[in-house]
Amino acid sequence: MSAGVSLSYAAPKAVAAAPAPAATSKIHRPGTVALDARLGGDEKRTRLVVDLSKKVEISAYTVADPYRVIIDLPDVSFDLPANSGRAGRGLISAFRYGQIGRGKARIVLDAHGPVKIEKSFVQTEFEDQPARLVVDLVPTDASTFKKNAEAVRPVETVAAVVSQKSVRETPPAPREIPVVVIDPGHGGIDSGATGVHGEDEKDIVLATGKILRDKLMKTGRYKVVMTRSGDTFVPLNERVAIARANKASLFISLHADYIPKREGDARGATIYTVSSRASDREAARLAEKENKADLIAGLDLSKQSDDIVNILYDLTHRETQNFSSLFQRTLAGQMKSGGILLHQDSMRSAGFVVLKAPDVPSVLVELGYVSNAEDVKNLTSDAWRDKVADSIAASVDSFFAEHSAVASVR
Ligand SMILES: [Zn+2]
């Protein structure tokens with residue numbers, strides 16, 4: 001360890017305010033639990049320390065565009081103090097953590113620039129001390145970073161995840177009734193936007209998506225597939241792949257928006273379709289934000305297969321786009337008559353990755369703004385969720401009833 005930089009494995013005294021006393025009870029939960037995480041050091045050397053209820057095997061590596069450090073863990077659940085990872089230190093601007101698949105957890109550190117993992121290890125728990133995951137980072141130059149990233153990069157790719165899951169979850173069923181795919185945004189390590197009282201977008205959209213699923217199923221007129229039905233991370237391309245593999249006739253992605261206070265206040269629902277050219281700057285910015293989900297989870301997008309990329313950018317299916325716009329208008333009408341507050345500019349378009357299946361009419365619904373207290377009240381209310389799900393279900397009905405030809409689009 002270089003002189004002048006004091007990096008301790010132990011929790012710094014300043015952390016005394018953290019809810020450490022609860023740790024003993026947490027330790028008795030099944031599986032391994034991450035109890036605390038902190039950054040130490042400076043821009044010459046930065047250390048991440050994570051307290052764990054027991055020792056696990058880890059794998060740490062770096063990925064570029066942007067510069068990130070990925071720490072893969074087995075089945076670890078996170079019980080970290082609120083706001084963990086929000087503030088950076090030294091070489092790191094922030095970090096995130098969460099599940100990335102069944103029995104797989106991940107910590108993703110955002111680096112200010114190219115860094116090298118000098119060492120990474122997990123200390124065994126000892127007496128009343130928890131096990132400690134330690135990762136030391138030092139600065140490096142861009143070309144060394146690139147070499148290191150290539151040398152240690154695991155063979156996980158988005159495409160691999162896509163094919164595995166598509167095979168597992170999509171039995172080739174004969175299709176008699178239209179398939180509607182409900183896509184609750186974010187999940188697992190990717191919480192999405194954070195609400196005024198700390199509500200996670202991923203929870204809001206999952207709860208609403210499940211209500212919608214139940215309503216649609218009850219009609220008996222649709223097969224409904226969820227891209228996720230739990231708090232799991234699903235890469236964007238996989239969401240598209242699930243829709244395509246199920247020969248979906250309609251894809252509905254659910255989200256909740258956020259605007260920072262300094263940019264003002266906004267309320268209401270907005271329905272987006274895909275477009276290579278965004279309808280306005282705000283829409284473009286939103287698409288950019290929603291498209292970051294894979295980066296947030298630390299996926300290496302440079303490893304995406306060309307096949308998937310080609311599918312994504314094939315926007316030649318004019319017919320699909322027409323049906324998407326039709327559903328967009330139908331839904332806006334149903335929401336309005338159903339008493340759901342719409343944003344003043346409620347029908348927009350931008351380059352959302354999840355909407356890019358060339359053969360599946362797709363919309364992305366931002367149900368409201370988690371940055372607005374009134375909207376949050378709605379978004380977290382069972383009655384409102386029921387109401388918005390009614391609007392969506394009604395628009396699905398009228399979409400398929402009036403234009404039954406849509407079922408034979410493919
Ligand atoms: Zn979102």
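Below are legends for a handful of close-up views of this predicted model.

**View 1. A mixed sheet of five strands.** Here we look at an open sheet whose strands line up as E5-E1-E2-E9-E8, with mixed pairing. Strand E5 (76-78) and strand E8 (115-123) sit at the edges with a single partner strand each, so one side of each has no neighbour in the sheet. Going from one strand to the next, the twist averages 30 degrees.

**View 2. Strand E1 and its two partners.** Zooming in on E1 (residues 32-41), we find seven bridges tying it to E2 (residues 46-52), and this pair runs antiparallel. A hairpin through four residues takes the chain from E1 to E2. Two pairs are handy landmarks here: Leu39 has Leu48 in E2 as its bridge partner, and Gly41 stands opposite Thr46, also in E2. E1 is joined to E5 as well, by three bridges, and those two strands run parallel. To find that pairing, look for Thr32, whose bridge partner in E5 is Val76.

**View 3. An antiparallel sheet of four strands.** This open sheet has the order E3-E4-E7-E6, and its pairing is antiparallel. The edges belong to strand E3 (59-63) and strand E6 (92-101); each has a single partner strand, so one side of each is left without a neighbour in the sheet. Neighbouring strands are turned by 20 degrees against each other on average, ignoring direction. At the E3 edge, five bridges link E3 to strand E4 (residues 68-73), and the two run antiparallel. One pair to pick out is Tyr61 with its bridge partner Ile70 in E4.

**View 4. Ala60 and its surroundings.** Ala60 belongs to strand E3. Is Ala60 buried or exposed? It counts as buried, because it has 21 C-beta neighbours inside 10 Å and the cut-off for that label is 20 or more. Setting aside neighbours within four places in sequence, Ala60 is in contact with Val69, Ile70, Ile71, Ile117, Ser120 and Val135. Ile117 deserves a second look: it lies 57 residues from Ala60 in sequence, yet their C-alpha atoms are 7.8 Å apart in space.

**View 5. Helix H9 and what covers it.** H9 (residues 318-337) has 20 residues, which at 1.5 Å a residue should span 28 Å; the end C-alpha atoms are 29 Å apart, so the two agree. Buried residues of H9 include Thr320, Phe323, Phe327, Leu331 and Met335. Polar side chains are on the buried list too, among them Ser324, Gln328 and Gln334. What covers the buried residues includes four strands, E12 (250-257), E13 (269-274), E14 (342-350) and E15 (362-369), along with helix H11 (382-402). Just past the end of H9, keep an eye out for Gly339, which takes a positive phi of about 80 degrees.

**View 6. Helices H4 and H11 crossing.** The axes of H4 (residues 201-219) and H11 come within 9 Å and cross at roughly 45 degrees. That angle makes H4 oblique to H11, and the crossing is right-handed. Which residues of H4 meet H11? They are Ala207, Thr208, Ile211, Leu212, Lys215 and Leu216. On the H11 side, the residues they meet are Arg385, Asp386, Val388, Ala389, Asp390, Ile392, Ala393 and Val396.

Key
Residues numbered from 1 in each chain as written. Predicted model: local features only at pLDDT ≥ 70, side-chain atom pairs only at ≥ 80, totals over all residues. Pairing = 2+ DSSP bridges. Axes fitted to C-alpha atoms, helices over the stretch in contact; angles between N-to-C directions. Expected span 1.5 Å × (residues − 1). Buried ≥ 20, exposed ≤ 12 C-beta atoms within 10 Å, placed from the backbone. Contact = placed C-beta atoms within 7 Å. Parallel < 35°, antiparallel > 145°, perpendicular 65-115°, else oblique. Left-handed = near helix turned anticlockwise from the far one by under 90°.
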